[in-house]
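Work through the exercises below with the model open beside you. Each task is followed by a stepwise solution.

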Amino acid sequence: MAVPKVCGTETEYGVVLRGASDPNPVLASSLLINAYVEHRKVGWDFDDETPGRDARGFSREGTQAPDIETHLVNAVLTNGARYYVDHAHPEYSSPECLDAMEALLWDKAGERILRASMKASRHLVGAGEEIVVYKNNSDGKGNSYGAHENYLVDRALPFSTLVHHMIPWFVTRQLFTGSGKVGAENGADDVDFQISQRADFFEEEVGLETTLKRPIVNTRDEPHADPQQFRRLHVIVGDANLCEVATFLKLGTTSIVLAMAEDDFIDKDLSVLQPVQAMHAVSHDPRCTRVLEMAGGGTARALDIQWEFLGLAKKYEDETGLEMCGGETVGGRVVSRWEEVLEGLERDPMSLTGVLDWVTKLELLEAYVSRDGLTWSDSKLALLDLQYHDVREERSLYERLVRAGKVERLLIEDEVVEAMTAPPPTTRAYFRGRCLDRWPESVVAANWDSLILDVGTDPLRRIPMMEPLRGSKAHVGAILDACVTPAELVDRLAS
Amino acid sequence: MPERERKQSPASREREEETSDVAPAKQGEELKEELDDLLDEIDEVLEENAEDFVRSYVQKGGE
C-alpha cells in the first residue's frame with residue numbers, strides 16, 4: 001500500500017576559494033557554513049547514522065560505504081534542514097516535506113541559504129579571497145558530487161520489485177531532470193552537449209556505493225523512521241536543478257511512480273536492456289530520438305517509455321487518486337505539467353527553454369555558438385556551462401535569464417525567503433525547526449528522527465521522532481505555542 | 001510571475017517555420033535584438049579568461 005510520499009533533497013554544492021594560494025575545499029566549506037550558523041549553532045546527533053546498511057538485507061564489507069565525518073561542521077537549521085560539510089563540499093539537506101511543491105520550496109530556500117552564506121563569509125576570508133559555490137554536479141574533469149532525493153517507501157514493497165520499476169524510470173526521466181553539460185566525462189563517448197550532468201558517472205545497476213561505480217538504484221537502507229514500516233529510497237541519479245519546473249517534476253513524478261509501485265499498479269514491463277548503457281545513450285541524445293532495446297523485445301525511445309509511465313499515472317489518478325502524492329492540488333498539477341513537458345519534447349525539445357535546465361542552457365550555448373562562431377570545444381562554452389550554476393546573484397547566468405523573464409517560476413520569492421528559516425508545517429521537521437527557534441540554548445543535538453533537550457536538570461532528554469508525519473504543525477503546533485520552557489514541553493509530551 | 005517568451009533555438013528554427021501551432025508573440029528581428037542584448041549583458045558578467053577559469057575549477061568527488 002502506498003504511504004505518504006514524504007520527500008526531500010540533499011545537495012552538495014561545488015565550492016572554490018578564489019584568490020587563495022592553497023585553496024582547501026574542506027576549509028572553505030567549513031568557513032562558509034560557520035559564517036551562516038555562527039549565531040545559531042546546534043550540532044547534529046550521529047547515533048542513528050548507518051550508511052553501510054544495505055536494502056537488500058545485509059551489511060557489506062569491502063565495498064565503499066561512506067564514512068561519517070563527525071569532526072566537520074554540522075548544523076541543524078530552524079527550517080528543519082541539515083547544513084554541513086560532506087567530503088569536500090557544503091551540503092544542504094532539506095527538511096522532510098510532504099509533497100513536490102514543498103520539496104521545491106525548501107530546495108530553493110537552500111540556494112538562498114548558500115547565497116547568504118557566501119555573503120556572510122566575506123569577513124572570514126583573506127583580502128582578495130572569495131568563497132564561491134555552484135549548484136551543479138560535475139567539474140568537467142571526471143569529478144562528480146551529488147544531488148540526492150529521498151522518498152518514504154512502504155517496507156512491504158519487495159526491494160527487487162522497486163528496483164525493477166525504478167531502473168527504467170531513472171534511465172528515462174533524465175529527459176526533464178537533466179541540467180545539461182558540455183562534453184562527456186568518465187570515459188564516455190565524446191559528445192558536444194548532453195542532457196545530464198550525472199549520467200556518465202553511473203556504472204552499475206544496483207549497489208551501495210555513492211562515490212565509486214555509482215549504481216542507478218542505491219541500496220542504502222537507513223530509513224530514519226520506523227524500520228518495520230518504512231524504507232527511505234535514497235536516489236542518487238538526479239542532477240541539481242535550478243529551473244523550478246524541473247525540480248517540481250523530478251520530485252513529483254518520482255513520488256507518483258513509487259506510489260504506483262507500492263500499490264502494484266505498474267502492470268507493464270518497461271525494462272530496458274543494458275540500463276547503464278541506455279542511461280548514457282539517453283543523456284547523449286538532446287534530440288530525444290534515439291531508440292533503446294527493450295528487455296521484453298522490440299525498441300522504444302526514452303520518450304515512449306515516459307508516455308507509458310504517464311499513461312499509468314493518469315489511470316492511477318483516476319482509479320486510486322493521488323492522496324499519497326500531494327492530492328489533486330499538487331499531484332494533479334504534477335501529472336498535467338508532466339504531460340505538457342512530454343508533449344513539448346515530442347514537438348521540439350527546444351520549445352522547453354525556460355522550463356527545463358538542459359534546454360535553457362543549450363539555447364544559451366547555441367546563441368553563443370551562433371553569435372561568436374564558436375566550436376563546441378571552445379572553453380567559453382565550458383565557462384557558460386559552469387557559470388549557469390553560479391549561486392551568486394550577480395554572476396549566475398540562470399538568474400540573469402530569470403530576470404530577463406526567460407525562465408518560468410513556480411515559487412513566490414517571499415515564500416522562499418521565509419522557508420530559509422521556517423520549517424514545512426506538514427512533517428516532523430516542524431517540531432525540529434520550531435524547537436530550535438524557540439529554545440536554541442536547550443537543544444543539545446538533533447537528527448532526522450530524534451531531538452536531545454537539556455531541560456536544566458539531569459539527564460538530557462531524548463525525544464524520539466520515528467514517525468515522519470508526527471510533529472507537524474497540526475500535531476504539535478498548539479503544544480509548542482503553549483509551552484514557555486523546554487521542561488514544560490517535555491512534561492506535556494510525556495503526559 | 002514573468003510571462004515566458006516562446007523562442008526557438010537556432011537548432012530548431014527550421015522546425016518552427018514548418019509548423020504554425022507555436023505562436024511567437026514577437027517577430028524574428030525583434031527576438032534577435034532582444035537575444036543580442038541579453039548576450040551583451042551576459043558578456044559583462046562572464047568570468048575573465050575562460051580557459052584559465054575552467055581549468056582551475058577542480059572539485060573533489062563527493063557523496
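Partly exposed means a relative accessible area between the two limits: under 20% is buried, and over 50% is exposed. The model is predicted.

**Exercise 1. Classify A:Arg371 and name its salt-bridge partners.**

Step 1. Take the accessibility. A:Arg371 has a relative accessible area of 31%.

Step 2. Apply the limits. A:Arg371 is therefore partly exposed.

Step 3. Look within chain A. The side chain of A:Arg371 meets that of A:Asp372 in a salt bridge, at 2.7 Å from N to O. A:Asp372 is partly exposed as well, with a relative accessible area of 29%.

Step 4. Look across to chain B. B:Asp43 and A:Arg371 also form a salt bridge, with 2.9 Å from N to O.

**Exercise 2. Follow B:Glu47 to its partners in chain A, and classify each residue as buried, partly exposed or exposed.**

Step 1. Start with A:Arg18. The closest N and O atoms of B:Glu47 and A:Arg18 are 3.0 Å apart, in a salt bridge. The pair crosses between chains: B:Glu47 sits in the loop between H2 and H3 of chain B, and A:Arg18 in strand S2 (residues 14-18) of chain A.

Step 2. Classify this pair. B:Glu47 has a relative accessible area of 7%, so B:Glu47 is buried. A:Arg18, at 27%, counts as partly exposed.

Step 3. Go on to A:Arg392. The side chains of B:Glu47 and A:Arg392 meet in a salt bridge, 2.9 Å from N to O. This pair crosses between chains too, and A:Arg392 lies in the loop between helix H9 (379-388) and helix H10 (397-403) of chain A.

Step 4. Classify A:Arg392. Its relative accessible area is 5%, so A:Arg392 is buried.

**Exercise 3. Describe the interface of chain B and chain A.**

Step 1. Count the residues. In contact are 38 residues of chain B and 62 residues of chain A.

Step 2. Give the area. The two chains bury about 4300 Å² between them, with 55% of it on carbon and sulfur atoms.

Step 3. Count the polar links. The interface holds six salt bridges. There are 19 residue pairs in polar contact, both residues at pLDDT 80 or more.

Step 4. Find the elements on the chain B side. Helix H2 (28-45) and helix H3 (50-56) of chain B each give two or more residues. H2(B) gives the most, with nine residues.

Step 5. Sort that side by class. The chain B residues divide into 16 nonpolar, six polar and 16 charged.

**Exercise 4. Describe how the two domains of chain A meet.**

Step 1. Set the bounds. Domain 1 of chain A covers 7-415, and domain 2 covers 425-494. Their C-alpha centres lie 31 Å apart.

Step 2. Size the contact. Domain 1 of chain A contributes 27 residues and domain 2 contributes 25 residues. Together the domains bury about 2000 Å², 60% of it on carbon and sulfur atoms.

Step 3. Count the links. Two salt bridges cross this interface. Seven residue pairs are in polar contact, both residues at pLDDT 80 or more.

Step 4. Inspect the domain 1 side. Strand S3 (43-44) and helix H2 (100-120) of chain A are the elements that give two or more residues to the side touching domain 2. By class, this side has 12 nonpolar, seven polar and eight charged residues.

Note on methods. Residues are numbered from 1 along each chain as its sequence is written. Chains are lettered from A and ligands numbered from 1 in the order in which they are written. This is a predicted model: local features need pLDDT of at least 70, side-chain atom pairs count only at pLDDT 80 or more; totals for chains, interfaces and linings use all residues. Side-chain values use heavy atoms; hydrogens and water are left out. Contact means heavy atoms within 4.5 Å. Buried area is the accessible area (1.4 Å probe) that two parts lose on being put together, summed over both. A salt bridge is a side-chain nitrogen of Lys or Arg within 4 Å of a carboxyl oxygen of Asp or Glu. A polar contact is a pair of N or O atoms within 3.5 Å; within protein, one must be able to donate a hydrogen and the other to accept it, and residues adjacent in sequence count only if both atoms are side-chain atoms. Helices (H or I, at least four residues) and strands (E, at least two) are DSSP runs, numbered from the N terminus. Ala, Val, Leu, Ile, Met, Phe, Trp, Tyr, Cys and Pro count as nonpolar, Asp, Glu, Lys and Arg as charged, and the others, Gly among them, as polar. Buried means under 20% relative accessible area, exposed over 50%, partly exposed in between (1.4 Å probe, protein chains only). Domain bounds come from an automatic or database domain assignment.
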